[in-house]
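Visitor: Could you take one part of this protein and go through it closely with me?

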Amino acid sequence: MGAEQSTEAPPAPEAQTQTGAHEQPDKHIPAALVICGPSGVGKGTLIRKLMEGNERFGFSCSHTTRSPREGEQNGVHYWFTSKELMQQQIKDGKFLETASVHGQLYGTSRRTVQSVAASGKSCILDIDVQGARQVREAGLNALFVFIAPPSDQELEKRLRGRGTESEEQIQQRMANAKAEIGSVNEEGLYDYVVFNNEVEDALAQLKDIAEQALQGLSGQGAKLSKARDAADAIAASPKGSQQSGTPKALAASNQELQPLLANPNGPTRAEPPGGAAGSQPASPAPVPDAAAGPSSSGGSSGSSTIRKLGAAASSAASTAAAAVTGTQPAAEAAAGDAKGDTSAAAVSTELSANEFGMVRWKGKVALVTGASSGIGRAICVELAQAGMRVVAIARRRDRLEDLQQELVGTHSMPIAHFLPVVCDITKEAEVVALPRIISKRWPEAGIDVLVNNAGLGRNNASLFEGSTQSWVEMVSTNVLGVCMCTREAVQDMKRRGKWGQVINISSMSGHRIVTAGGSGFYSATKQALRTLTETLRQEARALGVPLRVSSVSPGVVDTEFFNTARFGQAGESLADKMEALAPQDVAHAVVWALEAPPRMDVNDILVRPTAQSS
Ligand SMILES: Nc1nc2c(ncn2[C@@H]2O[C@H](COP(=O)(O)OP(=O)(O)O)[C@@H](O)[C@H]2O)c(=O)[nH]1
Ligand SMILES: Nc1ncnc2c1ncn2[C@@H]1O[C@H](COP(=O)(O)OP(=O)(O)O)[C@@H](O)[C@H]1O
């Protein structure tokens, strides 16, 4: 793609000994923006929208040996050239990078990049992965962004919908897409991964990143790239290397991002690469269907989520006594979701679920504490499957590594949707740093959903002879940790003006007092949590903000917690005594609270194993 029309022959790309105009970075010189991603993901669409009416960017019009598509113009979309000429120019060193893509030669000429840079603009390169590696290697001062599709199916749908490729070309592009998407795991290659689910959301993210490029984040690319994908560093970094007091996204760089500036505007388009092209604006290329909302762009993944959620809702509804604030019975919104998916009823159910269900949380960020095992882990899995981005908080790094493997390997979660952070929620400094870590990773995002799941029980806690240490640990985690996470999350929502939902994982012990084996103290912390949950709700109402506040109070769940916490009982654990709830049962209840329509605030869900008496 490009911005201005020309009918002239490709300008000879100048041979240069330097790698690019930004080799000596100056903070006043904009950095370039390298955009990568599989064919059909929407790179061209996003770049076009980013550049529309903004003269601070210049497009690097590539050379290619492929034939022009209908409507494509020489010097606008590409410099169309011959294989022989291009090969000769490559030999002459005139290209900053070249690659063979889908069987054709593509390349960025040095002259093109220099020409854009000379005009004081940020140069946008739409290049493939091989090219990105070369540009990174060449040391161009640039931010590297990978545009990722929401799913393979959606990618194929877009490719087909574009109608510019033959069946064979589509197959070739889909085959290549796999390896291209795999490149997000390459250490040091990309600085950001942007999911192009909704065009406007992706565009907003790209704009934030582009603003940083305009600030000329010289030499930051390589550093930022470490922050791009927390998951990568899990494998790379030595275990247990983080120090107390400094929570670490497992790959978060310590490099601070520059503050983002407000979006400047200005009409125009890029300079032509050779500097000699005509000056009339190119006719804008077709804009993607802006109506591609949840129901259409969510595609198959959206509906599979709905089906799964339907099952979740029914399981939650059948076992839960739900306390709900609102005008509708709790089960109503989800009723019918679990029906067969081929009926007309299922179709209309999907529509209503799209309107009110988990679809609206897709791409939003959920922070889950105590994510390393049991209920927290199951919640991460459910939310990931619903398409949310997940920040998993836990103290045990190795467990977060396992969780990542499960999410990415087994559940096909895009790795860039996952941010594992080693953090102890009883340490204030670590909790306070969380929003900053998240915004480093996803500059446009923040905490939309907080699931306060971390909690612990200690055996040695009776009031006659319990240890102070046990009491302190329980209060610190079950009460104070929850308060600190809540405060930081709601402050983050307030800063962004986006109010989401706080879900506290409480306990049946928050509703009735069981003192056996010294478990009364644990009960006290959960009773406190129950009070705090309602306090938060009332504070939000008093402030007039639409924050929703929920809690889920499970009975005995088959988790490490119940297997180790015997509350003074010898031998058999509580979970051994009966068929306990599965962690997924509780996670389903969380999903149910989330998918409730905005008018409905699910305040508490009580779930016991059928076999549990008290
Ligand atoms: N390395 C490199 N790749 C390029 C260049 N120009 C375009 N590409 C990439 O080549 C691939 C095919 O581009 P194109 O033929 O326009 O098809 P489309 O991406 O399916 O619209 C895309 O991944 C582009 O990002 C270039 O100058 N260098
Ligand atoms: N977020 C999106 N949702 C739905 N369709 C999209 C989205 N982004 C782009 N498209 C459409 O997908 C097709 C491919 O986009 P395009 O910009 O040509 O991709 P690329 O340049 O990456 O090959 C186009 O028809 C475009 O309108």
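Visitor: How many residues lie between β5 and β6 in their hairpin, and which residue in the turn has a positive phi?

Guide: Happy to. What you see is a predicted model, in which local features need pLDDT of at least 70 and side-chain atom pairs count only at pLDDT 80 or more, while totals for chains, interfaces and linings use all residues. Residues are numbered from 1 along each chain as its sequence is written, chains are lettered from A and ligands numbered from 1 in the order in which they are written.

Two residues separate β5 and β6 in the hairpin, and the turn residue with a positive phi, about 45°, is H102. Helices and strands here are DSSP runs, numbered from the N terminus: H or I over at least four residues for a helix, E over at least two for a strand. H102 belongs to the loop between β5 and β6, and its phi is positive although it is not a glycine. Most residues other than glycine have a negative phi. H102 counts as partly exposed because it has 14 C-beta neighbours inside 10 Å; the scale calls a residue buried with 20 or more other C-beta atoms within 10 Å of its own, exposed with 12 or fewer and partly exposed in between, with C-beta atoms placed from the backbone.

Now the arms of the hairpin. β5 covers residues 95–101 and β6 covers 104–109. They run antiparallel and are joined by six bridges; strands are said to pair when DSSP finds at least two bridges between them. By the turn, V101 has Q104 of β6 as its bridge partner, and E97 stands opposite T108 in β6. Five of the seven residues of β5 are buried, so the rest of the structure largely encloses this strand. β6 is mostly covered too, with five of its six residues buried.

The hairpin is part of an open sheet of four strands, ordered β4-β3-β6-β5, in which the pairing is mixed. At its edges stand β4 (79–80) and β5, each with a single partner strand, so one side of each has no neighbour in the sheet. On the other side of β6, strand β3 (residues 63–64) runs antiparallel to β6 and is joined to it by two bridges. There, T64 has Y106 of β6 as its bridge partner.

Helices come next. α3 (residues 110–118) packs on the sheet, touching β5 and β6, and its direction makes about 40° with that of β6. α4 also lies across β5 and β6, running at about 160° to β5. Contact means C-beta atoms, placed from the backbone, within 7 Å; the angles, from 0 to 180 degrees, are taken between N-to-C directions of axes fitted to C-alpha atoms, for helices over the stretch in contact.

This brings us to ligand 1. It is surrounded by 17 residues, of which the closest are S39, S62, A99, Y106 and G131; a residue is near the molecule if its C-beta atom, placed from the backbone, lies within 6 Å of it. β5, β6 and α4 (129–138) each supply at least two residues of this shell. By class, the shell has four nonpolar, nine polar and four charged residues, where nonpolar means Ala, Val, Leu, Ile, Met, Phe, Trp, Tyr, Cys and Pro, charged means Asp, Glu, Lys and Arg, and polar means the others, Gly among them. Y106, then, is the bridge partner of T64 and also one of the closest residues to ligand 1.

For the wider setting, the protein has 21 helices and 18 strands, and 53% of its 614 residues are buried. Among contacts between residues at least 6 apart in sequence, 78% join residues at least 24 apart. Another open sheet has five strands in the order β2-β7-β1-β8-β9, paired in parallel. Its neighbouring strands are turned by 25° against each other on average, direction ignored. β8 (residues 142–148) pairs with β9 over four bridges, and V145 stands opposite Y192 in β9.

One further residue invites comparison with the turn: S412 has a positive phi of about 55° although it is not a glycine. It is found in the loop between α14 (397–410) and β14 (418–422), and S412 is exposed because 12 other C-beta atoms lie within 10 Å.

Notes
Two residues are in contact if their C-beta atoms, placed from the backbone, lie within 7 Å.
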